[in-house]
Structure formats: structure tokens, C-alpha cells
Amino acid sequence: MKLPGPEHPITIKRNDNRVRVIFAGMVIADSTRALTLAEAGYRPVQYIPRGDANMSLLKPTSHATHCPYKGDANYFSIEADGRSADNAVWSYEQPFPAMAEIAGCLAFYPNR
């Protein structure tokens, strides 16, 4: 586990804007409670509470990754209107303590 710091800053802030995720013409998530995670040189990522997502359209996969700053991520595929996007969504179920705010929230790849 690594802690964010000057050499690898990570900030989490409430996003006051509405965030919508649409796939195959269907709303997958719609939130006014998203969190914006900005990490080092990466593009900011929106983390959306599960309560603001249509979980019936998300199917857990066996894919997993590890971030030394956030912890272990689990993935979901989107299945909507006969189309699918494999491993298009990730979630840190039990992130490291410094990232506790994103626990259980969903993040979506914008290009999938």
C-alpha cells in the first residue's frame, strides 16, 4: 500500500454536476452525487454511488486489477439492449483507508 503525496497526488471531491452514463441508448447511471477522483497525471474519473446505477445491467466478471494507492478493483460488464461492453466498469469494494470515500462506487471507462 502506498499513500498519496506530493510525488503521486490523489484528490477526491464531490462533483456538483449531474453525471450520466449511457450505453446502447439506455441510461446505466444517473447521479448528482458523483465523486471526482483526480490522480497524478491521469484524467479525472467519476465515481458514482451504486444506488444511482441500474445494477441489473451490470454483470460481475472475474477480471481484477490492483492499484498500490487504491487497492483491489473488481469489474463489471454492461449488458443492455442486446449489446455488451466487457469489463467497462470497475469498483473498489474495500479500498485502502486513504481512499475510503470511493468504497463500492462505480467508475466507467468512457471509451467502452
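**Entry 1: L58**

I began with the contacts of L58, and, leaving out residues up to four places away in sequence, I found that L58 touches I28, F76, S77, I78, V89 and L106. I note here that the model is a predicted one. L58 belongs to strand 6, and its C-alpha atom is separated by 5.7 Å from that of F76, although the two residues are 18 apart along the chain. I then looked up the accessibility of L58: its relative accessible area is 5%, which is under the 20% limit, and L58 is therefore buried.

**Entry 2: I28 and the cores**

Since I28 is on the contact list of L58, I went to I28 next. Not counting residues up to four places away in sequence, I28 touches V21, I22, F23, D52, A53, N54, L57, L58, I78, A80 and F108.

Which residues touch the most other members of the largest nonpolar core? The core holds 19 residues, and the ones I was looking for are I28, I78, V89 and F108. I then traced which elements supply this core, and found that strand 2 (19–23), strand 3 (26–31), strand 7 (71–80), strand 8 (83–91) and strand 9 (106–108) each give at least two residues to it. There is also a second core, separate from this one, with 16 residues, including V45, A73, M99 and C105. As a general remark for the margin, nonpolar side chains in soluble globular proteins tend to be buried together.

**Entry 3: V45**

I followed V45 from the second core. V45 lies in strand 5, and, with neighbours within four places in sequence left aside, V45 is in contact with L35, T36, L37, W90 and A107. I also looked up its distance to A34, which is 11 residues apart from V45 along the chain, and the C-alpha atoms of the two are separated by 9.7 Å.

**Entry 4: the largest pocket**

I turned to the open spaces and recorded a volume of about 700 Å³ for the largest pocket. Its lining is made up of 28 residues, of which V45, W90, F108, Y109 and P110 are the closest to the centre. V45 thus appears here as well as in the second core, while F108, also on this list, is one of the residues that touch the most other members of the largest core.

Strand 2, strand 4 (35–39), strand 5 (45–48), strand 6 (58–67), strand 7 and strand 8 are the elements that give two or more residues to the lining. Which element contributes the largest share of the lining? I found it to be strand 2, with five residues. When I sorted the lining residues by character, they divided into 20 nonpolar, three polar and five charged.

**Entry 5: the cysteines**

How many disulfides are there? I counted zero, and I looked at C67 and C105 to see the reason. The sulfur of C105 is 16 Å from the closest cysteine sulfur, that of C67, so the separation is too far for a bond, the cut-off being 2.5 Å. Both residues are under the 20% limit for burial: C67 counts as buried at 11% relative accessibility, and C105 is buried with a relative accessible area of 8%.

C67 is found in strand 6. Apart from residues up to four places away in sequence, C67 touches E39, Y92 and F96. The C-alpha atoms of C67 and F96 are separated by 9.6 Å, with the two residues 29 apart along the chain.

**Entry 6: H66**

H66 is found in strand 6 too, and, with residues up to four places away in sequence not counted, H66 touches G71, D72 and F96. F96 is thus listed as a contact of both H66 and C67. For H66 and A53 I noted a separation of 23 Å, C-alpha to C-alpha, for two residues that are 13 apart in sequence.

**Entry 7: positive phi**

Last, I looked at backbone angles in residues other than glycine. A40 has a positive phi of about 40°, and I located A40 in the loop between strand 4 and strand 5. Is A40 buried, exposed or partly exposed? Its relative accessible area is 39%, which falls between the limits of 20% and 50%, so A40 is partly exposed. N87, which is found in strand 8, also has a positive phi, in this case near 50°.

Conventions
Residues are numbered from 1 along each chain as its sequence is written. This is a predicted model: local features need pLDDT of at least 70, side-chain atom pairs count only at pLDDT 80 or more; totals for chains, interfaces and linings use all residues. Side-chain values use heavy atoms; hydrogens and water are left out. A nonpolar core is a set of buried Ala, Val, Leu, Ile, Met, Phe, Trp, Tyr and Cys residues joined through side-chain atoms within 4.5 Å. Buried means under 20% relative accessible area, exposed over 50%, partly exposed in between (1.4 Å probe, protein chains only). Helices (H or I, at least four residues) and strands (E, at least two) are DSSP runs, numbered from the N terminus. Contact means heavy atoms within 4.5 Å. On a 1 Å grid over the protein atoms alone, a cavity is a set of points where a 1.4 Å probe fits but cannot get out, and a pocket is an open set with protein on both sides within 12 Å along at least five of seven lines; lining residues have an atom within 4 Å of a point. Grid points are joined across faces, edges and corners, and a volume is the space filled by probe spheres set on the points. Ala, Val, Leu, Ile, Met, Phe, Trp, Tyr, Cys and Pro count as nonpolar, Asp, Glu, Lys and Arg as charged, and the others, Gly among them, as polar.
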